[in-house]
Amino acid sequence: MIQQSSDVLILGSGIVGMASLIAIDKYDIKATLLSEASTLQKKEVDPRFYAITPGVKTWLEKNGVWDFLPKKEVFSVRSIIVHSDKEHSSLKFDDDAVGRNGLAFIVNHDELEKAFIHRVSEINYEEIKTNKVESLSVGAEDIKISYANENIRQFKLVIGADGSNSWLRSQSSINFKNKDFDQTAIVFNIKTSKAHQGCAYQKFMYHGILALLPIYTDEFSIVYSLNNEMLKEYKSLTDTKFIQMLKNEIGEMFGDISLTTKRQYFPLNMKINESLISDRVLLAGDAAHQIHPLAGQGLNLGLRDVIEIDKLLGSNKKYHHDLGLKTFLKKYNRNRKTDILTLSYLTDKLSSLFTSKNHIVDFVINFGLNKIDQNQLIKKILIKKAIH
Ligand SMILES: Cc1cc2nc3c(=O)[nH]c(=O)nc-3n(C[C@H](O)[C@H](O)[C@H](O)COP(=O)(O)OP(=O)(O)OC[C@H]3O[C@@H](n4cnc5c(N)ncnc54)[C@H](O)[C@@H]3O)c2cc1C
């Protein structure tokens with residue numbers, strides 16, 4: 001039997017799925033959230049910490065999510081040091097330089113997810129929990145989806161927030177390019193003997209990229225994107241040997257270091273979609289784009305997709321009656337393009353440039369980093385670009 005109980009189906013109840021629900025609810029549009037039953041039962045602790053940009057934080061504040069984050073679990077980034085081991089060039093950004101209190105705000109995945117779950121519990125929506133989404137059929141007036149042995153529902157629009165291996169993307173025949181970086185991110189936390197004063201640190205090396213995000217007063221969450229040829233060796237190291245190796249790479253800046261969590265591993269890929277839309281289908285978050293984590297921008301990008309949905313709904317009431325309208329979908333696709341392509345391109349190029357063994361590239365990076373570091377105006381422009 002076909003039922004229609006709401007206008008929009010959001011497929012996937014990760015952070016971007018929940019954010020989409022919050023955005024849509026503001027306009028009194030009825031939504032259904034379809035969660036994957038198996039992931040709701042998980043769950044291993046997610047070790048990732050996200051550097052949320054000030055622009056995204058503002059949206060989370062305005063939409064009642066930020067207040068559900070315990071204050072002691074939010075950490076400000078006051079400065080960022082970028083270092084390349086190519087001739088030891090480096091670059092420093094300070095929040096003072098742009099008159100801001102914080103260049104980014106670090107929160108743990110599980111804390112952020114909990115804040116979203118709290119906020120979403122205030123909304124009146126329908127939830128479907130299933131492991132079996134079966135098929136999709138698109139008509140002129142609606143889109144039908146069947147799940148769990150032939151339950152069929154019809155909607156005006158389906159939003160795919162179902163992650164980087166999106167089922168909805170494949171069902172909608174949206175093409176994408178996949179790039180395997182041949183790198184794996186090792187994620188773990190360390191404690192330091194010197195306080196970090198909110199300083200984030202990134203080091204580019206031939207064999208990988210180290211990103212240290214400051215948490216508490218003397219701890220870092222580390223994402224170490226390591227070339228796969230070195231991975232086996234690093235994986236086989238005992239914690240003591242691993243920390244010794246890390247100490248050699250970080251140096252003395254933060255004093256002694258010790259490991260405080262286990263190491264977890266995430267293989268790294270980039271996916272660029274040919275389009276974010278298809279008939280009565282819209283993709284957001286990692287379903288729409290997957291990028292290298294070196295700039296800490298993947299989730300920010302996904303939440304900016306949702307901010308765009310929010311903006312478009314706020315701009316024209318016509319969309320509230322039929323969210324599957326081509327004009328709405330096309331505007332979304334057009335407006336999100338530059339942000340997504342710029343970050344995909346930038347993170348891809350940075351990862352290959354810094355790990356390249358070409359001496360001309362070494363010279364340019366060394367020259368470029370030092371020149372930028374001496375130019376306050378360029379630094380201000382770069383910071384302003386990075387924090388939207
Ligand atoms: C090591 C690492 C570090 C990172 N650091 C940062 C950072 O500092 N800052 C930042 O902004 N980003 C960062 N990112 C990126 C960030 O983790 C992702 O961009 C973000 O988690 C994507 O969220 P999402 O909700 O789109 O997808 P997901 O979190 O993958 O959620 C997808 C949801 O869809 C559900 N689902 C899947 N298939 C189906 C289906 N068929 N039916 C129903 N539901 C389905 C899943 O169960 C899940 O709940 C990092 C990524 C990595 C790997």
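This report walks through the fold, the ligand shell, a run of paired strands, the nonpolar core and a few individual residues of a predicted model.

## Overall make-up

Let's start with the whole chain. It contains 12 helices and 22 strands. Of its 388 residues, 40% count as buried. If you look at contacts with a sequence separation of 6 or more, 73% of them are made by residues 24 or more positions apart.

## Around the ligand

The shell around the ligand is made of 31 residues, and those that come nearest are Gly 12, Gly 14, Gly 163, Gly 285 and Gly 298. Several elements give two or more residues to this shell: helix 1 (15–25), strand 3 (31–36), strand 4 (49–52), strand 14 (176–192) and helix 8 (298–315).

Helix 8 gives the most, with 4 residues. Sorted by class, the shell holds 15 nonpolar, 12 polar and 4 charged residues.

## Strands 10, 11 and 12

Next, follow the chain through strand 10 (residues 133–138) and strand 11 (residues 143–147). These two run antiparallel and are joined by 5 bridges, with a hairpin of 4 residues linking them. If you would like a pair to find on screen, Val 133 stands opposite Tyr 147 of strand 11.

Strand 11 also pairs with strand 12 (residues 151–155), in the antiparallel sense and over 5 bridges. Here Ser 146 has Ile 152 in strand 12 as its bridge partner. The hairpin of strand 11 and strand 12 has 3 residues between the strands, and Ala 148 in this hairpin takes a positive phi near 40°. While you are viewing these strands, a general point may help: side chains in a regular strand alternate between the two faces of the sheet.

## The nonpolar core

The largest nonpolar core has 92 residues, of which Ile 10, Val 158, Ile 222 and Leu 282 touch the most other members. Helix 1 supplies the largest share of this core, with 8 residues.

Val 158 is a handy place to zoom in. Apart from its neighbours within four places in sequence, Val 158 is in contact with Leu 9, Leu 11, Ile 143, Ile 145, Leu 168, Arg 280 and Val 281.

## Two residues with positive phi

Asp 28 and Ser 173 are worth a look if you check backbone angles. Asp 28 is not a glycine, yet it has a positive phi of about 55°. Asp 28 lies in the loop between helix 1 and strand 3. Is Asp 28 buried or exposed? It is exposed, because just 7 other C-beta atoms lie within 10 Å, and a residue with 12 or fewer counts as exposed.

Ser 173 likewise is not a glycine and has a positive phi of about 55°. Its place is the loop between helix 5 (167–171) and strand 14. Ser 173 counts as exposed because it has 9 C-beta neighbours inside 10 Å.

## Lys 331 and Glu 308

Finally, Lys 331 sits in helix 10 (residues 326–354). Lys 331 has 18 other C-beta atoms within 10 Å, so it is partly exposed; a buried residue would need 20 or more.

How far apart in space are Lys 331 and Glu 308, C-alpha to C-alpha? The distance is 9.4 Å, while 23 residues separate them in sequence.

Note on methods. Residues numbered from 1 in each chain as written. Predicted model: local features only at pLDDT ≥ 70, side-chain atom pairs only at ≥ 80, totals over all residues. Near = placed C-beta within 6 Å. Nonpolar A, V, L, I, M, F, W, Y, C, P; charged D, E, K, R; others polar. Contact = placed C-beta atoms within 7 Å. Pairing = 2+ DSSP bridges. Core = buried A, V, L, I, M, F, W, Y, C linked by C-beta atoms within 7 Å.
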